[in-house]
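Visitor: I should like to go through this model and ask, term by term, what justifies each description. Please set each value against its criterion.

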Amino acid sequence: MKELPNKYDPKAIEERIYAAWEKEKLFHADNASGKKVYTIVIPPPNVTGALHMGHALNNSIQDILIRWKRMQGFETLWVPGTDHAGIATQNVVEKSIAKEGLKRDDLGREKFLEKVWQWKESYGSTIIKQLKKLGSSCDWDRTRFTMDEGLSKAVMEVFSRLYAENLLYKGDYIINWCPRCGTALSDEEAEHEEVNGALYHIKYQIKGSAGFEKYLEDYVVVATTRPETLLGDTAIAVNPKDERYAALNGKTAILPLVGRELKIIFDEDVDPLFGTGALKVTPAHDPVDFLLSIKHGLPRVNVMESDASINALGGKYAGLDRFECRKKILEDLETAGLLVEKKDHLHAVGHCYRCHTMVEPRLSKQWFVKMKPLAIEAARVVEDGTVKFYPSRWTKVYLNWMHNIKDWCISRQIWWGHRIPVWYCKDCLKYKNVRDVSVSGPKAEGIFLSTGGEKLEKCPRCGGKDIEQDPDVLDTWFSSWLWPFSTLGWPKKTKDLEVFYPTEALVTAQEIIFFWVARMIMAGLKFGKEAPFKDVYIHGTVRDSSGKKMSKSLGNVIDPLDIINDVGSDALRFSIISITSQGQDVFLSKDKFESGRNFANKIWNAARYVLLNVDEKTLKPDYDISSCTLPDKWIISSFHETVKRVDSSLAEYRFSEAAGHIYDFIWHKYCDWYLEISKLSDDKANTQNILVYILGGVLKLLHPIMPFITEEIWQSMPARPDRWIMKSAWPAADEKAIDRQALSNMENLMGVITAVRNARAFWNININTILEVEIKTDQPGLIFDNRKYIEKLARCTVVKAEPLVARPANSVSAIVDKLQVFIPIGKLVDINEEKARISKKIQELENYLTGIARKLSDENFVKRAPADIIEKERSKQGKFSEQLAALKDNLEAVLG
């Protein structure tokens, strides 16, 4: 048996232990073991990524589940990997070559992609190394990358199948366009933020205005937040029920500053309450206007380049940036007397999820997946409980999205990613620019697939050699939505796919429910023939102590690697799990990690004490229940109760609750009470057996949360049945081992001891003074059979324990369940001095309570204050009231 060092030093053990785990292949899953299977796939972090607190929380939770199930005897597979992160990675490499004075176009596509692969090989494994520092027990032999050969084949297979089933198309559509990244974004990638903008009221003159003057003189006023887009206006729309504009029927408007004639259309979708009720229609630059153009046959005038500058169709404004153009147009409108007014306007504007640039709605040809056919089954499996969300409130959010789903824009105008495997024959199509080609179905003439990745030389239809592959790549999420089954070998029928699919649980964040979770369910049902997982656990967002989301720009980021360096991985994991209530956001500050460090030290010191005080020669693998004292029965019963609670909490994904149960048992029951009581044992051999039995059990319970310290102590345990703690059996809660009477009786004994200790502390009585205690109880036998524990631990003498005990003069009392404890203190304290001290405390509490009552009776406070603040005030009111009553009671008793 190895002796533990005096102090716990995570730096000295964590790297060494992890290396040993890897060497022994302890995380490797055997697909031929025949055991029950438990599989998790990691939400693949971006290959550009570095470990942040969100990763730390997410992967700690996954590791808890995997280690728990591994110890329960399951064949566990945690599939790791990284995402190629198309836009993010390309941005990183573009910034890198910019330092050499180069742009990607200077290198050309092939050379640039070589640079990206070189960068990936050099830096792409950073996040994997950091996950290992966290203690993640992934099967690293099965590490995948969304652009590795196998996953690339899966992507091509899915594209081919969707194309063949007419679930893919390429066509004109308003998409979210990032001018900085130069690519389309899906609706979910355009994050909307509230922006303080303006609503501009602009005059549009009416052509042939006779008979209209009595309504709006000779013009109609239109409200817009984006005056620069008026260059692309092709109509004005009003609601047919809006009587203000009835006379506009059959009229034509003139586009300000441009002079183009605009058709005036009537449509019930126009909101008469927004702005002036008259809507400028810009089909190439607004999704609502685009739909109006389809309905009313309007032309679409795209006035912007891909960098959001104005193109040649913008006339004299050509070449200006969109915001410069806005400024210039407003100046010209004002000069022409056409700008009626400007009003402040708060509205939600999309921003690129990667570079945070304001997104521009833009008409372009893009590839789309038809989502409604896929969404039907994906909604059903959640509605019927096949897939469950934890917390359940996310079910409604998911289903609402499914029932209102839009087609998914999957093409991106970048180079890094899975290139769309579509080829165009320019001879067949009579087009020279393949970006202008629409694709409506799998039988489109002059369009063909090459999903094997080969470069085609000629058109398979006409033999022509003027062919070109689609220049766009697929959205990063197009590979990620296949992750649960593509990582296991699909489309091949592999042993891993047969054994480990579908997976059990997905642990992820709320912001990617639509990006990823929903799409994985669709893909799993469509291509894997089953829902890809049974449970979806959505954890909260990690924020700073003031509630702000952590970000480098705000300077409020806490680097998990710094925390690991300071207090160790176990302390980080325990701390962050302990404060993470199910589905709630996590509010972090560096001092929160002290609790994890303190707990690690407590466990270490307890284990060191136990192992130093056991005789390995006389130690037995089990305890003798017939020789057990009340404290022995109590700690054994408490342990099995704790196992039950931990199992229940983990099964319901209540991780903080599980951590709390373990913490309470180890710190408050095992360390604070049983270790102290064990020193008073008359049967040292049996007590040692119990100490070791419980220590081994709590190490197992704690291992999923704090794997390193539990492994290190486990290696010093005498006669351990398994070499590695993660391969040992998870504790089984034994109802027969739970003695309810012992639990109740021991709680009473501890209550008596605590009451005596509290009285000593409150009345400032010297620790060396032996107090006399009288106890009114219907169980005198319980007290006298266990009086040594009371007398030794409370430093007192039990003078009396009877059903009828009169309260002694000048005594304080405490109620413990059905017992009443009396402690005479008249001769031990200066009554006058104590009266003054307690009276002062009473006055302070009464002042506090008066202030709280005043606050809670203030209608304005109750109406405006957040619910949690009001609840805190009421909680303080109750707590202080109890303290006040206790003070008055004790003062009255002592004075009496």
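**Strand pairing and burial**

Guide: This is a predicted model. Strands E14 and E16 (residues 408-409) pair in the antiparallel sense, over 2 bridges.

Visitor: What makes E14 and E16 count as paired?

Guide: Two strands pair if at least two bridges are found between them. E14 and E16 have 2 bridges, so the criterion of at least two is met. Phe368 stands opposite Cys409 in E16, and Trp408 in E16 is the bridge partner of Val369.

Visitor: How do you know that strand E5 also pairs with E14?

Guide: Strand E5 (residues 168-178) is joined to E14 by 10 bridges, and the two run antiparallel. The requirement is at least two bridges, so E5 and E14 are paired. Within this pairing, Ile174 stands opposite Leu363 in E14.

Visitor: In which order do the strands of the open sheet lie?

Guide: The order is E6-E5-E14-E16, an open sheet of 4 strands with antiparallel pairing. Strand E6 (183-185) and E16 are its edge strands.

Visitor: Why are E6 and E16 called edge strands?

Guide: Each of E6 and E16 pairs on one side only.

Visitor: What makes strand E14 (residues 360-369) largely enclosed?

Guide: Of its 10 residues, 10 are buried, so E14 is largely enclosed by the rest of the structure. Both faces are covered. On one side the buried residues are Glu360, Arg362, Ser364, Gln366 and Phe368, and on the other they are Pro361, Leu363, Lys365, Trp367 and Val369.

Visitor: Why is Ile174 called buried?

Guide: Ile174, in strand E5, has a relative accessibility of 8%. Buried means under 20%, so Ile174 counts as buried. The C-alpha atoms of Ile174 and Pro45 are separated by 30 Å, and these residues are 129 residues apart along the chain.

**Helix H11**

Visitor: How do you know that the length of helix H11 (residues 372-383) is close to the expected one?

Guide: Helix H11 has 12 residues and reaches 16 Å from its first C-alpha to its last. The expected span at 1.5 Å a residue is 16 Å, and the value is close to that.

Visitor: What shows that the buried residues of H11 line one face of the helix?

Guide: The buried residues in H11 are Leu374, Ala375, Ala378, Ala379, Val381 and Val382. Seen down the axis of H11, the buried residues fall within an arc of 160 degrees, so they line one face. On the other side of H11, Ile376 and Glu383 are exposed.

**Salt bridges and surface**

Visitor: What makes the contact of Arg380 with Glu377 a salt bridge?

Guide: The closest N and O atoms of Arg380 and Glu377 are 2.8 Å apart. The limit is 4 Å, so the pair qualifies as a salt bridge. Arg380 and Glu377 are 3 residues apart in helix H11 and are separated by about one helical turn. Arg380 counts as partly exposed at 35% relative accessibility, and Glu377 is partly exposed with a relative accessible area of 35%.

Visitor: What makes the pair of Asp141 and Lys25 a link between parts distant in sequence?

Guide: The side chains of Asp141 and Lys25 meet in a salt bridge of 3.2 Å, N to O. Asp141 lies in the loop between helix H6 (126-134) and strand E4 (144-145), and Lys25 in the loop between helix H1 (10-23) and strand E1 (37-41), so the pair ties together parts that are 116 residues apart in sequence.

Visitor: Why are Asp141 and Lys25 called partly exposed?

Guide: Asp141 has a relative accessible area of 48%, and Lys25 has a relative accessibility of 47%. Buried means under 20% and exposed over 50%, so values in between are called partly exposed.

Visitor: Are the partners Asp148 and Arg144 buried or exposed?

Guide: Asp148 is buried, and so is Arg144. The closest N and O atoms of their salt bridge are 2.9 Å apart. The structure holds 49 salt bridges.

Visitor: Which residues form a nonpolar patch on the surface?

Guide: Tyr173, Leu291 and Ile294 form the patch, with about 280 Å² of accessible area together. Ile294 lies in helix H9 (residues 287-296) and counts as partly exposed at 48% relative accessibility. Patch residues need over 30% relative accessible area, so Ile294 meets that cut-off.

Methods
Residues are numbered from 1 along each chain as its sequence is written. This is a predicted model: local features need pLDDT of at least 70, side-chain atom pairs count only at pLDDT 80 or more; totals for chains, interfaces and linings use all residues. Side-chain values use heavy atoms; hydrogens and water are left out. Patches are made of residues with over 30% relative accessible area and no salt bridge: like charges are joined within 9 Å, nonpolar side chains (Val, Leu, Ile, Met, Phe, Trp, Tyr) within 5 Å. Accessible areas come from the Shrake-Rupley method with a 1.4 Å probe; for residues, only the protein chains shown count as cover. Buried means under 20% relative accessible area, exposed over 50%, partly exposed in between (1.4 Å probe, protein chains only). The expected span of a helix is 1.5 Å times one less than its number of residues. The arc is that of the directions from the helix axis to the C-beta atoms.
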